[in-house]
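Student: I should like to learn how the terms used for a protein structure are justified. May we go through them one by one?
Tutor: Certainly; let us set each value against its definition.

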Amino acid sequence: LPMKWDEVCDVIVVGSGGAGMAAAIRAADQGAKVLVLERLAFPGGNTQLAQGQMNAADPVRQPRQGIKDSPELHAKQTLAAGDYRGDPERVRVLCENAYGAVTWLESLGMKFKDNVIQIFGALYPRSHIPALPKGQGYGTVLSKAAKDLGIKVETGVAMTEVIREKAFDGPVLGVQIIRKGKPVYVRASRAVVLAAGGFS
């Protein structure tokens, strides 16, 4: 453990891509003081490089296009596409909440095209296409929401260690970062969220 903590906040989020920024915004919505740490010189992470399509069974767009779909079908196809190696419970949670993620992003100002399509590599026409190309729309909308909520997003900072109560045991207490070449210890009183390195 460090001799002293240099800074304290409620929630530390490591990574400023879509996952990290969404986690930061939801935490700030609950009243948490949030710090987002990004190793690169700009926010956005792998989401900036992504094609940006988002799969979700959509009760509004799909019926207009004559497409029958459901979270159950989405989950069934997702498990099959992963050769049944996926955790069925996690796949269920993903698919049941996919449309809620679409509408949540829209509530923040994200624009998707009116029709869904079946993108290359997908198994069904349920891919939502952002109005802005690639990951730009997500980054713009999430950055604005974070700014409006007073979330501090610090770029050019590498997280080098997760600090736990014991070396490899016990609750996570905070992180060590390198800021301007010097180690700095930041305490998270409620949570550390690791969202660095695109999952796929």
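Student: What makes Arg92 partly exposed?
Tutor: The model before us is predicted, and its values are computed from it. Arg92 has a relative accessible area of 33%. Buried means under 20% and exposed means over 50%, so Arg92, at 33%, is called partly exposed.

Student: Which residue forms a salt bridge with Arg92, and how do you know that the term applies?
Tutor: The partner is Glu96, and the closest N and O atoms are 2.7 Å apart. The definition asks for a side-chain nitrogen of Lys or Arg within 4 Å of a carboxyl oxygen of Asp or Glu; the 2.7 Å between Arg92 and Glu96 therefore meets it. The two residues are 4 residues apart in helix H4, which means that about one helical turn separates them. Glu96 is also partly exposed, at 42% relative accessibility.

Student: Which residues are joined into one network by salt bridges that share partners?
Tutor: Glu7, Lys152, Glu154 and Arg179 are joined in this way. The structure holds 13 salt bridges.

Student: Why is Lys4 called exposed?
Tutor: Its relative accessible area is 55%, and the term exposed applies over 50%, so Lys4 qualifies. The side chain of Lys4 meets that of Asp6 in a salt bridge, at 2.9 Å from N to O. Asp6 has 37% relative accessibility, so this residue counts as partly exposed.

Student: Are Asp58 and Arg61 buried or exposed?
Tutor: Both are buried. Their side chains meet in a salt bridge, at 2.9 Å from N to O.

Student: What makes Phe112 and Tyr138 an aromatic pair, and why is it called edge-to-face?
Tutor: The ring centres are 6.2 Å apart and the planes stand at 65°. Centres must lie within 6.5 Å, and planes over 60 degrees apart count as edge-to-face; both conditions are therefore met by Phe112 and Tyr138. By this rule the count comes to 1 aromatic pair.

Student: How do you know that this pair links distant parts of the chain?
Tutor: Phe112 and Tyr138 are 26 residues apart. Phe112 lies in the loop between helix H4 and strand S4, whereas Tyr138 belongs to helix H5. Both residues are buried.

Student: Which residues does Leu105 touch, leaving aside those up to four places away in sequence?
Tutor: Leu105 touches Met54, Met110, Phe112, Tyr138, Val141 and Leu142. Leu105 is also one of the residues with the most contacts inside the largest nonpolar core, which has 24 residues. Among the elements that each supply at least two residues of this core are strand S1, helix H1 and strand S2. Apart from it lies another core, of 11 residues, including Cys9 and Val157.

Student: Why is S1 described as largely enclosed by the rest of the structure?
Tutor: Of the 8 residues of S1, 6 are buried, so the strand is largely enclosed.

Student: How do you know that S1 pairs with strand S8?
Tutor: The definition requires at least two bridges, and S1 and S8 have 7, in the parallel sense; the two strands therefore count as paired. Within S1 and S8, Glu7 stands opposite Val186. S1 also pairs with S2 in the parallel sense, over 4 bridges, and Ile12 stands opposite Leu35 in S2.

Student: What unit do S1, H1 and S2 make?
Tutor: They make a right-handed β-α-β unit.

How values were computed:
Residues are numbered from 1 along each chain as its sequence is written. This is a predicted model: local features need pLDDT of at least 70, side-chain atom pairs count only at pLDDT 80 or more; totals for chains, interfaces and linings use all residues. Side-chain values use heavy atoms; hydrogens and water are left out. Rings of Phe, Tyr and Trp (its six-membered ring) pair if their centres lie within 6.5 Å; planes under 30 degrees apart count as stacked, over 60 as edge-to-face and the rest as tilted. Buried means under 20% relative accessible area, exposed over 50%, partly exposed in between (1.4 Å probe, protein chains only). A nonpolar core is a set of buried Ala, Val, Leu, Ile, Met, Phe, Trp, Tyr and Cys residues joined through side-chain atoms within 4.5 Å. Contact means heavy atoms within 4.5 Å. A crossover is right-handed if, with the strands pointing away from the viewer, the path from the first strand over the helix to the second runs clockwise.
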